[in-house]
Amino acid sequence: MRRILVVNALIFAVLAAAVALAYYGYTATSIESQEQQVLQPLRELAEEKVFNIENLLLRDERVVFDNVRFEELSKLDEVVNPVATAVASVFVLDDQGKLVPDGYVGPRSRKPAESKAFRDFVLEKVVPTLPLSKRPAGERGHVHGIWREGPLAGRPYLLSFVKRVSGDRTFYVLIEDDLTHLVAWLFPQFFNVSDVSKRIYQVVDERGELVFGAPFAADADTLVVEVPFSETVDGWRLRVTDRQMLGQGALRRKGIIQSVLIGGAVTVVIAGLAFLALAIRRERRANELKSEFISNVSHELKTPLSIISMFGEMLANGRVKGPDQATEYAEIIWRESVRLGRLIDNVLDFAKIERGMGVYEFADADVGEVVDRAIELVGRRLAAAEMTLDAEIEPDLPQVKLDQNAFTLAVLNLIDNAIKYAAEGKKIELRLARAGDRIALRVRDWGPGIDPAEQEQIFERFYRARAVRLKPIRGSGIGLALVRHIAKAHGGDVTVTSAPGQGSTFELWLPVV
């Protein structure tokens, strides 16, 4: 019944998760579509502005790169003047990276001493690090970063350079772009930062610090488009949002929450289906084992009944040669009756356990006496199997809370198991002793042993080891399952130590309270 309830609950959970998955999948797609509709125009706008700004910078650099003449460096000022607002400094270097005569123009905004200090710093510290000779002639290269040392330490910089060839001469033109001009003049022309502007712009550097613009009123709740500057200040990024989108980050958070819920729903569905597949497989296996159990129990019941019926009929009809034979027949009938009674007890007790009914009555008892009584009950069975039982019970064991009938049944099942499956060993060893805070009962046989892979499975209901199923030995498959249930009901457990060909030792232990 409990298994049915679990399966039904699981089916309901899988269906609920599937419905939730469909719903959240639809809404998540809808949210993503809404975001794309809003963000795509902003992205196109941002990309266009970055493209136009970089084109202006590259255009001014190209004026210098294309018009520098190595033979006319005395006119370098005239080349730089038309773009002096965008270009801060120009260096003309020979093929060894050395400054050529008249090959430097510095910004007018710097004092002569500052300009000379900056020129010497660039020539000594910066030029040797630039990949001047690695680029083909006419191909622009650039480096962008923050001065770590020198007269402008802590300020951002953009250096652009190109390799030129004039006749048999190779020289390099190095430009320091004026980033103050970029931030103070170009950015305001492209980015309207007034309060009435529909859109809000920011330019941040590689550290995420603000270069231009104002902080968004609610950055965490705003859908923002970011586009990097790739040809010039490639550590900077343009960030754009719409004023109407401020606070709309709740839409994104909702999407994140729904993504988590979708993931949870998918997990439930997959886990549920896997569990159902496992449950179906186990149920199919259980049905096969039940069928085998019914067949085995039917045979187990039929065999002693047939023997009792046959010898009872012979006694009733007087077909005996004398009193000794009559006594022998009576002993056979008695022995088979005990065997039949024990099998019925096993089946009835197991049926109660399966239905979850309480079957134990605990009281203080001497476990040694209980084991002695079980040994007496199994005496005739041992003699009939021509086996010996070497029993050793430690004296003065403490009393424990025990259901005497149940524990007797457990001991009988362990001994009967050894008789049935280890008859070739002809010997059983039983030891009952205290081990710390436990009382341990060990039953050892010298039979064929148990495969390590099956040593835990043999305690499952209806399970019979593969090696046993290949032999003509009947069994119900519930004996060891019943032993474990009895042991656990008493707060203990049962384990087995075995190896193929070396016999088996079953240990049933109980706690000493």
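Glu-456 is exposed in this predicted model, with a relative accessible area of 51%, and its side chain meets that of Arg-484 in a salt bridge with an N to O distance of 2.6 Å. The pair links distant parts of the chain, since Arg-484 belongs to helix H11 whereas Glu-456 lies in the loop between strand E14 (438–445) and helix H10 (466–469), and 28 residues separate the two. Arg-484, in contrast to its exposed partner, is buried, with a relative accessible area of 14%. Because exposure is assigned only over 50% and burial under 20%, the 51% of Glu-456 places that residue in the exposed class, and the 14% of Arg-484 places that residue in the buried one.

Two further salt bridges are set beside this one in the table, with the N to O distance for each pair.

| Salt bridge | N to O distance |
|---|---|
| Arg-484 and Glu-456 | 2.6 Å |
| Asp-120 and Arg-119 | 3.3 Å |
| Asp-205 and Arg-207 | 3.4 Å |

Asp-120 counts as partly exposed at 28% relative accessibility, and its partner Arg-119 is likewise partly exposed, with a relative accessible area of 24%. Asp-205, which pairs with Arg-207, is buried, with a relative accessible area of 6%. The structure holds 21 salt bridges, and those that share partners join Asp-390, Glu-392, Glu-429 and Arg-431 into one network.

Helix H11, the element that carries Arg-484, also packs against another helix. The axis of H11 (residues 479–489) and that of helix H9 (residues 404–421) come within 9 Å and cross at roughly 145°, and the crossing in which H9 passes H11 is left-handed. On the H9 side the contact is made by Ala-406, Phe-407, Leu-409, Ala-410, Asn-413, Leu-414 and Asn-417, while H11 contributes Gly-479, Leu-480, Leu-482, Val-483 and Ile-486. By residue class, this contact between H9 and H11 comprises 9 nonpolar and 3 polar residues, with no charged residue taking part.

For the protein as a whole, the secondary structure consists of 11 helices and 16 strands, and buried residues make up 41% of the 513 residues. Among contacts with a separation of 6 or more, 69% are between residues 24 or more positions apart. The protein exposes about 28000 Å², of which carbon and sulfur atoms supply 53%.

Methods: Residues are numbered from 1 along each chain as its sequence is written. This is a predicted model: local features need pLDDT of at least 70, side-chain atom pairs count only at pLDDT 80 or more; totals for chains, interfaces and linings use all residues. Side-chain values use heavy atoms; hydrogens and water are left out. Axes are lines fitted to C-alpha atoms, for helices over the stretch in contact, and angles run from 0 to 180 degrees between N-to-C directions. Helices (H or I, at least four residues) and strands (E, at least two) are DSSP runs, numbered from the N terminus. A crossing is left-handed if the near helix is turned anticlockwise from the far one by less than a right angle, and right-handed if clockwise. Contact means heavy atoms within 4.5 Å. Ala, Val, Leu, Ile, Met, Phe, Trp, Tyr, Cys and Pro count as nonpolar, Asp, Glu, Lys and Arg as charged, and the others, Gly among them, as polar. Buried means under 20% relative accessible area, exposed over 50%, partly exposed in between (1.4 Å probe, protein chains only). Accessible areas come from the Shrake-Rupley method with a 1.4 Å probe; for residues, only the protein chains shown count as cover. A salt bridge is a side-chain nitrogen of Lys or Arg within 4 Å of a carboxyl oxygen of Asp or Glu.
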